[in-house]
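Here is a quick walk through one protein model, written for someone who likes to know the cut-offs. Have a look at the fold, then read on.

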Amino acid sequence: MKLTKHPMNTGFDWQDRQGPFKLITDAQAAQYNNQGFFVLENVFSAEEIAAVEAAIDPLEQQTEAFLRTQADGKLFIAQADQITFTINCVLHNEVLKRFTQHNVFADLCHDLMGPDCRLYWDQAVYKKPEPEREFPWHQDNGYTFVSPQQYLTCWVALTDATEDNGCPWVVPNVHREGTYEHWMTDMGWRCVDDDEGSALCAPVKAGGIVVFSSLTPHRTGPNKTSGIRKAYIAQFAPDGAALIQPDGSSTMCDDPARQYHVVKDGAPVAA
Ligand SMILES: O=C(O)CCC(=O)C(=O)O
């Protein structure tokens, strides 16, 4: 597997997470440190997930309608009737804002990053039945370079995510070197040419979370079923994180409307 470091990835040092932890176990922390991910099952109740899904569905319908107005139904990596990205949902619905400030996320941020963290980004990704389309291997920090490079992605399953309908896969162990160079493909940025059989499948039932680092290469496979695979992705970064542009200029990730604190001085910040 040939991986090349991103030009802005200099002097990176992976920080192992050590306890005491509020939510995760020592084994989960070890898996995160060593493999870059772990799966938390049965986190949210069916009622919580139904409320999140009901809040996202109308927003996603607007995304789908907008995509149909675009040439070939395509915009960047989104494609009508195949895959939609409904971004910054927290700006449009209080239920979702409150959800991103759930104690579970506050505790995961505390355990995996530290006592002061904000929501960095949120989006729903709906994968429609489409037997060909895969979302290529990438690191989240490969799409937009954030400093510090090590932030947190929580991939929340709103429907059961299986190998057949496009659950996440990860390449373990390579997150500790920081951000890699990515190249553009028809279906998005890509950083791993061939996983050489090392990839691990991370199926998760509705209400569970695949928790991984912004530096963990991941992909999702095609949806070969007849149902829609729905995920809500909430990403969190340490307070003080900034987007770094190729020209070196930076923008703080602290927009009060959507990049608010979820944990401050070690305590959850309720909506
Ligand atoms: O949910 C998916 O199918 C892929 C989403 C993803 O990896 C991302 O948004 O970074």
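Strands 7, 16 and 17 make an open sheet in the order 7-16-17, with antiparallel pairing. Strand 7 (146-147) and strand 17 (250-252) sit at the edges with a single partner strand each, so one side of each has no neighbour in the sheet. Strand 7 runs antiparallel to strand 16 (residues 242-244), and two bridges join them. Valine 146 stands opposite leucine 243 in strand 16. On terms: helices (H or I, at least four residues) and strands (E, at least two) are DSSP runs, numbered from the N terminus, and two strands pair if DSSP finds at least two bridges between them.

Some housekeeping: this is a predicted model, where local features need pLDDT of at least 70, side-chain atom pairs count only at pLDDT 80 or more, and totals for chains, interfaces and linings use all residues. Residues are numbered from 1 along each chain as its sequence is written, and side-chain values use heavy atoms, with hydrogens and water left out.

A second open sheet has four strands in the order 6-14-9-12, and its pairing is antiparallel. Here strand 6 (135-138) and strand 12 (200-201) stand at the edges, each with a single partner strand, so one side of each is left without a neighbour in the sheet. Strand 12 pairs with strand 9 (residues 168-170) over two bridges, in the antiparallel sense. In that pair, tryptophan 169 stands opposite cysteine 201 in strand 12.

Now for strand 13. Five of the five residues of strand 13 (residues 209-213) are buried, so this strand is largely enclosed by the rest of the structure. Buried means under 20% relative accessible area, exposed over 50%, and partly exposed in between (1.4 Å probe, protein chains only). In a regular strand the side chains alternate between the two faces of the sheet. Both faces of strand 13 are covered, with Ile209, Val211 and Ser213 buried on one side and Val210 and Phe212 buried on the other.

Which strands pair with strand 13? The table gives two pairings, each with a residue pair.

| Strand paired with strand 13 | Sense | Bridges | Residue pair |
|---|---|---|---|
| Strand 1 (residues 37-40) | antiparallel | four bridges | leucine 40 opposite isoleucine 209 |
| Strand 8 (residues 152-157) | antiparallel | five bridges | leucine 152 with bridge partner serine 213 |Helix 4 is another enclosed element. Nine of the 10 residues of helix 4 (residues 103-112) are buried, so the helix is largely enclosed by the rest of the structure. The buried ones are Val104, Phe105, Ala106, Asp107, Leu108, Cys109, His110, Asp111 and Leu112. After helix 4 comes glycine 114, with a positive phi near 145 degrees.

Two isoleucines are worth a stop. Isoleucine 49 is in helix 2 (residues 46-68), and its relative accessibility of 5% makes it count as buried. Leaving aside neighbours within four places in sequence, isoleucine 49 is in contact (heavy atoms within 4.5 Å) with Phe44, Val156, Ala157, Leu158 and Gly207. Cysteine 109 is 60 residues from isoleucine 49 along the chain, and their C-alpha atoms are separated by 20 Å.

Isoleucine 77 lies in the loop between strand 2 (74-75) and strand 3 (78-79). Is isoleucine 77 buried or exposed? At 8% relative accessibility, isoleucine 77 counts as buried. Not counting residues up to four places away in sequence, isoleucine 77 touches Ile83, Phe85, Arg133, Phe135, Tyr143, Met187 and Gly188. Methionine 187 is 110 residues away from isoleucine 77 in sequence, yet the two are 5.4 Å apart, C-alpha to C-alpha.

Finally, the whole chain. The protein chain has five helices and 19 strands. Its radius of gyration is 17 Å, close to the 18 Å that the globule rule gives for 271 residues, so the chain is as compact as a globular protein of that length. That radius is taken over C-alpha atoms, and the rule is 2.2 Å times the number of residues to the power 0.38. Along the principal axes, the C-alpha atoms fill a box of roughly 45 × 45 × 40 Å. Buried residues make up 54% of the 271 residues. Of the contacts between residues at least 6 apart in sequence, 85% join residues at least 24 apart.
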